[in-house]
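These are my notebook entries on a single protein model. I kept each entry short.

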Amino acid sequence: MKALVLAGGSGTRLRPITHTSAKQLVPVANKPVLFYGLEAIAAAGIRELGLVVGDTQAEIESAVGDGSAFGLQVTYLRQEAPLGLAHGVLIAREYLGDDDFVMYLGDNFVVGGINDLVDRFTRERPAAQIMLTRVGDPGQFGVAELDAEGRVVGLEEKPASPKSDLALVGVYLFSPAIHAAVAELKPSWRGELEITDAIQWLIEAGLRVESSVISGYWKDTGNVTDMLEVNRLVLESVEPGVRGRVDEASELIGRVVVEPEAVVERSRVVGPAIIGRGARIQDSYVGPFTSVGASCVVTGSEIEYSILLPRASIDGVGRIEASLIGHDVEVTRAPNTPRAHRLVLGDHSKVQITT
C-alpha cells in the first residue's frame, strides 16, 4: 500500500498567515500539522508516499525532505492549481500504479492514527473505505448518506440541504478501482474534481464502499479557531520537561515543556504549554494551551490559549488570548491598551496596541 498526501491547497481561511506560509506547516505544539499525518502514515506500516504540492512546494520540500526522518520514501507530485481532491488522485495516477493507497489531507488532524483503518481495509478489501464523523454544520463538508444497515448509499460535497450530519474525515482508502471513477469525472459547480463524486461513481457502479463513524477527535485545521483547538488537544498530552533555563524567580505549574536554549526569567508559566528552542520569556505570564515557537520573545506581557510562530516578539502588552501570531511579528505597547486582544497577524507584521 502507498500513501497520497494532499498539500497543495492555498489556505485562504488562514490568511494572512498563509500569504507567506504553507497552511500544512502551521505548527501545533511547535510541530507542523503536516508532520502528524506523516507520522500516522509511517506508524501504519506504509513506506512509499506521494506528496501533492502546489505553489508552496519549495517550503514543504524543505521541511519534509526525502521523508527519511519519518521513515518514508517521499515523491513530490506537482499540482499546478488546486482543482479538487480527485484531481490530486488524477495527477498521481502513474505514481500510484495498481497499488491500494490511503489518501490523507495534509491539513487534517486525526487522533489515534490510522492503523485500525488500514488493517480493516486490508482485511475486507472494499473498493473504497471512508471515515465519517458527526458535525454540527455538515453543509461545510462532504456529507455521506447511509442506509438502515449502515452502508454508504450517497455522497454530496458541501450540500445546501445535507441529508445527514455525517461528514467525511480527510482520510480515505482506495483500491485501484478509484482511477476509473476519477477518469469519468467532470468539474463540479465549484470548478473542482470532487472525490465525493468519484466515490459516488463507485457506488453506482455496484462496487462496495465501506465506512466507519469515528468517535475520536478529528479537525480540519483550515481556520484559526480549529488550529487553536487542535493545539489545545495536543498540549493536553505533552510530557513536561525542562531542557532550557528557568531562574529561581520563575514558576512552572503543570505540564510545561521548556526546550533547549530557551530562557524563562521572572515569569510564571501555567501548563499545558510549550516554550520553544531559543525562546525568551521575561517578566511575563504564559497561560494554558499556549505554544511559543522557536526564538520568540515575550517580555512584560500575558498570553494564553495562543500560538506564536517562530521569531515573533511581544513586548509590554497587557494580555493576549485566543490568537495566532505569525513569523517575525512584533507586537508592542501603545496608549490605551484594552484588557484583552484577539489577533491574527501575518508574517513580518508590526503592530502597536493602544492602552
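The entries below concern one serine, one helix and the nonpolar cores of this predicted model.

**Entry on S306.** I first looked up where S306 sits. S306 belongs to the loop that runs between strand 25 (302-304) and strand 26 (307-308). I then asked whether S306 is buried or exposed. Its relative accessible area is 0%, and because the limit for a buried residue is under 20%, S306 counts as buried.

I next examined the polar atoms around S306. A polar atom of its side chain is 3.3 Å from the backbone nitrogen of A322. The side chain of S306 also reaches the backbone nitrogen of S323, at 3.0 Å. Leaving out residues up to four places away in sequence, I listed what S306 touches; among these residues are L228, N231, F289 and I320.

**Entry on helix 8.** L228 and N231 both appear among the buried residues of helix 8, so I turned to this helix (residues 224-235). Nine of its twelve residues are buried, so the rest of the structure largely encloses helix 8. I also checked its length: at 1.5 Å a residue the expected span is 16 Å, and the end C-alpha atoms lie 16 Å apart, which agrees.

**Entry on the nonpolar cores.** Which residues of the largest nonpolar core touch the most other members? I found L4, M103, F174, I178, I195 and I199, out of 34 residues. Helix 7 (residues 195-204) contributes the most to this core, with five residues. A second, separate core has 33 residues, including L34, I41, A42 and F121.

Finally, I looked up L4. Beyond its neighbours within four places in sequence, L4 is in contact with residues including V52, L77, L96 and M103.

Key:
Residues numbered from 1 in each chain as written. Predicted model: local features only at pLDDT ≥ 70, side-chain atom pairs only at ≥ 80, totals over all residues. Heavy atoms only, no water. Helix = DSSP H or I, 4+ residues; strand = E, 2+ residues; numbered from the N terminus. Buried < 20%, exposed > 50% of the residue type's maximum accessible area, 1.4 Å probe, protein only. Polar contact = N/O pair within 3.5 Å; in protein donor to acceptor, adjacent residues only side chain to side chain. Contact = heavy atoms within 4.5 Å. Expected span 1.5 Å × (residues − 1). Core = buried A, V, L, I, M, F, W, Y, C linked by side-chain atoms within 4.5 Å.
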